[in-house]
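This report describes one protein structure for a reader who is new to such descriptions. It begins with a surface feature and then turns to the overall fold and the contacts inside it.

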Amino acid sequence: MNLEWALQWGWSVLNACLYLLLQPFYYISILIVALSYRRQMLLERKLFHTKLHNWVGETWRVVWSGLIAGLALSALGVFVSVHLTSASIVCLWVTTLLLMLVRVRYLCLAYAVGLLGVAQFALNVAEGWQPGGVLGTSVTAIRGLDIPALLVLVAAMHVAEALLVRWQGGKAATPLFVEGKRGRLVGGYRMEDLWPIPLLLLVPVQGGFTLPWTPLFGDGTGYMLAALPVLMGFSSVTLGQLPRQKAVLTSNRLLLYSVALLLLSLLAAWWSPLMLVAALFSFLAHEALIWYGNMEESRLSPMFVHPEQGLRVLAVLPDSPATAMGILPGEAIYRVNSVVVNSRNELHQALRINSAFCKLEVRNLQGESKFVQRGMYDGDHHQLGVVLAPDADASWAVSIRPASIYRIVAMRLGARRRKGGQASKMESPSLDTIEK
């Protein structure tokens, strides 16, 4: 009996994996990720004439980490049964893609499942209405969705997302030159990560294999595994915090959201009238997190502006002299070869004092001085490999506005050229400001 169960289980896993490889949704999600990182790299080249990240490497990073998250969630899903059909999977993905056309952040499953839960509640109120054709098929699929179980899945996914944000949230952060409230340029970071997640979900079917336990939302019948590829991620722009600080704060809030949604979903499974409350909470609370994060960010003083004396470091290029000397984003270069520097030209002139060696006095985030030094070699970056906070002579800037999938696919960078220290009046698409 154990051998027969193992064979049935193995066949179901193989069948679900083959289905995942054959359907287009997983590849579409990877393509969206690759285009997003490609756009990020082009923006870095536009602003800084160099790239800080490799879009192929970043795509591979989120694909393999998303695969790990998918395996963990799939293992958890063995104990949770979700009533899904092929029509239900298509319904979920079509809803997600349509929402994503409005704003990129709506690709999150919390929006699709929440809105479908509200739609299911409305259709159940209009119980006698059943149109024909494609619309009728869609109505039947929505009525058949297991919303409480899907909301539990959304809560579990956000736990995984919170952990991924804490682990990787600051790795692909892109430095920006942003126009402040009064037209003054300030430095900041755009943080964006998208993870394609291949899920294998336990689905009750007639004639499927039996389990030695009864899954949550299960009815004791036979089961099989179904593939559901999803895309989850977060994006945010921060001007007043380091990327790592922002990632930890976002992770903590996502965990609170996940726990609250999980409790509401379990209560909705026990008492059906709460299903509408849980569905509304799924996307309204998500929006509330974004609104609160944006409001909090607007109250913070810009972090990446030059002090009265010295030059603020916005970012450090990998494998550069600055990296070797331990210079960190947010710190300020005060002296170079014993000369106080207050502009890029002064920095260049101070470095020329001794082209073979440089000594720096750097002030950290606490205002304390540290002294670093290093020999300079052929091939080293002419400016130590630091990206400095913007000054009035910066050639390019970005404005912070919501982005769409069109701008990602069309590689619209959201950068506009400045003339004489003022931004050009020619309008250009801008960066996404979402945060999860």
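Helices are DSSP runs of at least four residues marked H or I, and they are numbered from the N terminus. With that convention, helix 1 covers residues 2–22, and this helix gives the most to a nonpolar patch, with four residues. The model described here is predicted.

## The nonpolar patch

The patch lies on the surface and is formed by W11, L14, L18, L21 and Y27. Together these residues have about 540 Å² of accessible area. One of them, L14, lies in helix 1. Is L14 buried, partly exposed or exposed? Its relative accessibility is 43%. Because buried means under 20% and exposed means over 50%, L14 counts as partly exposed.

## The protein as a whole

The secondary structure comes to twelve helices and twelve strands. Taken along the principal axes, the C-alpha atoms fill a box of roughly 80 × 50 × 35 Å. The protein has 436 residues, of which 54% count as buried. About 20,000 Å² is exposed, and carbon and sulfur atoms supply 63% of that area.

Contacts between residues at least 6 apart in sequence show how the chain is brought together. Among these contacts, 72% join residues at least 24 apart.

## Salt bridges

How many salt bridges does the structure hold? The structure holds eight salt bridges, and the table presents three of them.

| Pair | Closest N to O distance |
|---|---|
| R61 and D193 | 2.8 Å |
| E192 and R190 | 3.1 Å |
| E297 and K246 | 3.1 Å |

In the salt bridge between R61 and D193, the closest N and O atoms are 2.8 Å apart. This pair links distant parts of the chain, since R61 belongs to helix 3 (residues 55–77) and D193 to strand 2 (residues 185–209), with their positions 132 residues apart in sequence. R61 has a relative accessibility of 9% and therefore counts as buried. D193, at 1% relative accessibility, also counts as buried. These two residues belong to a network of salt bridges that links E58, R61 and D193.

The side chains of E192 and R190 meet in another salt bridge, at 3.1 Å from N to O. E192 is buried, because its relative accessibility is 4%. For R190 the relative accessibility is 4%, so R190 counts as buried.

The side chains of E297 and K246 also meet in a salt bridge, with an N to O distance of 3.1 Å. E297 lies in helix 9 (residues 274–299) and K246 in helix 8 (residues 243–270), so this pair ties together parts that are 51 residues apart in sequence. With a relative accessible area of 11%, E297 is buried. K246 counts as buried at 2% relative accessibility.

## Aromatic rings

A pair of aromatic rings is described by two quantities, the distance of the centres and the angle of the planes. A search of the whole structure finds seven aromatic pairs. Among them is the pair of Y189 and F304, whose ring centres are 5.5 Å apart and whose planes stand at 65 degrees. Because planes over 60 degrees apart count as edge-to-face, the pair of Y189 and F304 is edge-to-face.

This aromatic pair links distant parts of the chain: Y189 is in strand 2, whereas F304 is in the loop between helix 9 and strand 4 (311–316), and the two are 115 residues apart. Y189 counts as buried at 5% relative accessibility. F304 counts as buried at 0% relative accessibility.

A ring may also have a charged residue over its face. R363 lies over the face of Y334, at 3.7 Å from the ring centre.

## The surroundings of V165

V165 is found in helix 7 (residues 147–168). Its relative accessible area is 0%, and therefore V165 is buried. Which residues is V165 in contact with, leaving aside its neighbours within four places in sequence? V165 is in contact with W195, F234, R244, A247, T250, S251 and L254. D391, by comparison, is 226 residues from V165 in sequence, and their C-alpha atoms are 31 Å apart in space.

Methods. Residues are numbered from 1 along each chain as its sequence is written. This is a predicted model: local features need pLDDT of at least 70, side-chain atom pairs count only at pLDDT 80 or more; totals for chains, interfaces and linings use all residues. Side-chain values use heavy atoms; hydrogens and water are left out. Patches are made of residues with over 30% relative accessible area and no salt bridge: like charges are joined within 9 Å, nonpolar side chains (Val, Leu, Ile, Met, Phe, Trp, Tyr) within 5 Å. Accessible areas come from the Shrake-Rupley method with a 1.4 Å probe; for residues, only the protein chains shown count as cover. A salt bridge is a side-chain nitrogen of Lys or Arg within 4 Å of a carboxyl oxygen of Asp or Glu. Buried means under 20% relative accessible area, exposed over 50%, partly exposed in between (1.4 Å probe, protein chains only). Rings of Phe, Tyr and Trp (its six-membered ring) pair if their centres lie within 6.5 Å; planes under 30 degrees apart count as stacked, over 60 as edge-to-face and the rest as tilted. A charge sits over a ring if NZ of Lys or CZ of Arg is within 6 Å of the ring centre and within 35 degrees of the ring normal. Contact means heavy atoms within 4.5 Å.
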